[in-house]
Amino acid sequence: MPSLIASGLYRFFHDGDNETAALRGIDLAVNPGEFVALLGPSGSGKSTLLACLAGLDEPDGGYVDVMGQRLSRRPEAARARLRARHIGMLMQMGNLVDHLTVAQNIRLQRSLAGQRERARLPELLASIGIGALGDSLPSQLSGGESARAGLCVALASEPFILICDEPTAEVDAETEKDVITVLRQHCSAGACVIVATHSDVLARAANRCLSIRDGRLVA
Ligand SMILES: Nc1ncnc2c1ncn2[C@@H]1O[C@H](COP(=O)(O)OP(=O)(O)OP(=O)(O)O)[C@@H](O)[C@H]1O
Ligand SMILES: [Mg+2]
């Protein structure tokens with residue numbers, strides 16, 4: 001059974017008389033252990049699609065199922081429960097609660113998913129080069145450090161489905177390799193990973209690349 005299914009997703013945004021069709025009929029199934037890269041120009045719908053897949057945004061048409069359960073058009077509390085249990089999400093920005101340190105952000109994510117404290121936290125931070133930043137506040141981090149801290153938060157609950165929006169946009173080539181290693185390890189453990197990216201290096205690390213143009217997946 002696929003971990004994640006999207007069927008006929010549509011999403012429209014309105015601004016006065018202007019309508020943007022950000023998603024126009026997206027069908028997608030991602031299996032356990034798969035690493036999928038979503039590629040496409042700026043404004044093509046990548047972030048909109050990922051937000052719908054993660055249940056942070058609701059599609060206007062179609063639906064998303066995670067681990068065999070309907071995520072779309074459920075009450076917010078039900079969506080939040082499914083998200084906390086199954087999904088880790090690294091957004092393009094705003095992954096960290098401002099007044100908590102990096103380590104506290106990670107612990108918060110674990111407790112939301114109903115998981116107990118584990119010893120892995122220092123290793124997780126060290127594996128992507130931010131081992132010394134557990135006690136830092138988000139405002140003290142650079143863009144690249146904050147993306148990596150956000151990735152640790154997304155990974156904190158060891159989610160079956162990891163969704164990352166441009167996880168390596170602000171990091172150097174060496175750090176990008178570390179991020180890829182962490183993502184691949186997560187796949188090897190049986191999770192599925194979906195990343196939106198403009199990076200050829202990250203795309204080459206994936207098992208499958210999808211291209212999106214004007215809200216549609218293209219071959
Ligand atoms: N909240 C919103 N309100 C209005 N329009 C939006 C909103 N979010 C996205 N859009 C529009 O939907 C389209 C898709 O945007 P999206 O953010 O999904 O693109 P993207 O592929 O992630 O781009 P990038 O590579 O720059 O991150 C764009 O035309 C964008 O302007
Ligand atoms: Mg985007």
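How far does a polar side-chain atom of lysine 46 lie from an oxygen atom of ligand 1, and what is the distance in Å? In this predicted model, the separation between the polar side-chain atom of lysine 46 and the ligand oxygen is 2.7 Å. Two further side chains make contacts of this kind: an N or O atom of serine 42 is placed 2.5 Å from an oxygen atom of ligand 1, and for threonine 48 the corresponding distance to a ligand oxygen is 2.6 Å. Of the accessible area of 640 Å² that ligand 1 has on its own, 62% is covered by the protein. Two or more residues of the surrounding shell are given by each of strand 2 (18–30) and helix 1 (46–53), and it is helix 1 that supplies the largest share, three residues. The shell comprises 14 residues, among which Ser42, Gly43, Lys46, Thr48 and His198 come nearest to ligand 1. By residue class, the shell around ligand 1 divides into nine polar, three nonpolar and two charged residues.

Helix 1 is itself largely enclosed by the rest of the structure, because seven of its eight residues are buried. The buried set consists of Lys46, Thr48, Leu49, Leu50, Ala51, Cys52 and Leu53, and thus includes Lys46 and Thr48, two of the residues whose side chains make the ligand contacts described above. Just after the end of helix 1, glycine 55 adopts a positive phi of about 75°.

Helix 6 was examined for both its length and its orientation. With 16 residues (173–188), helix 6 should span 22 Å at 1.5 Å a residue, and the 23 Å between its end C-alpha atoms agrees with that expectation. Its buried residues are Thr175, Glu176, Val179, Ile180, Val182, Leu183, His186 and Cys187. Seen down the axis of helix 6, these buried residues fall within an arc of 160°, so they line one face of the helix. Such a pattern can be read against the geometry of an α-helix, which has 3.6 residues a turn, so that residues three or four places apart point the same way. The face of helix 6 turned away from the buried side carries Glu174 and Ser188, both of which are exposed.

The loop between strand 7 (161–165) and helix 6 contains proline 167, which is buried, with a relative accessible area of 2%. Proline 167 is 114 residues from leucine 53 in sequence, and the C-alpha atoms of the two are 16 Å apart in space. In contrast to the buried proline 167, arginine 81, a residue of helix 2, counts as exposed at 59% relative accessibility. A distance of 32 Å separates the C-alpha atoms of arginine 81 and valine 171, which are 90 residues apart along the chain.

Backbone torsions were also considered in two loops. Most residues other than glycine have a negative phi. Arginine 73, however, has a positive phi, near 50°, and is located in the loop between strand 5 (69–70) and helix 2 (76–86). Aspartate 214, likewise not a glycine, has a positive phi of about 50°; this residue belongs to the loop between strand 9 (208–213) and strand 10 (216–218). With a relative accessible area of 52%, aspartate 214 lies above the 50% cut-off and is therefore classed as exposed.

Terms used. Residues are numbered from 1 along each chain as its sequence is written. Chains are lettered from A and ligands numbered from 1 in the order in which they are written. This is a predicted model: local features need pLDDT of at least 70, side-chain atom pairs count only at pLDDT 80 or more; totals for chains, interfaces and linings use all residues. Side-chain values use heavy atoms; hydrogens and water are left out. A residue is near a molecule or strand if one of its heavy atoms lies within 4 Å of it. A polar contact is a pair of N or O atoms within 3.5 Å; within protein, one must be able to donate a hydrogen and the other to accept it, and residues adjacent in sequence count only if both atoms are side-chain atoms. Accessible areas come from the Shrake-Rupley method with a 1.4 Å probe; for residues, only the protein chains shown count as cover. Helices (H or I, at least four residues) and strands (E, at least two) are DSSP runs, numbered from the N terminus. Ala, Val, Leu, Ile, Met, Phe, Trp, Tyr, Cys and Pro count as nonpolar, Asp, Glu, Lys and Arg as charged, and the others, Gly among them, as polar. The expected span of a helix is 1.5 Å times one less than its number of residues. Buried means under 20% relative accessible area, exposed over 50%, partly exposed in between (1.4 Å probe, protein chains only). The arc is that of the directions from the helix axis to the C-beta atoms.
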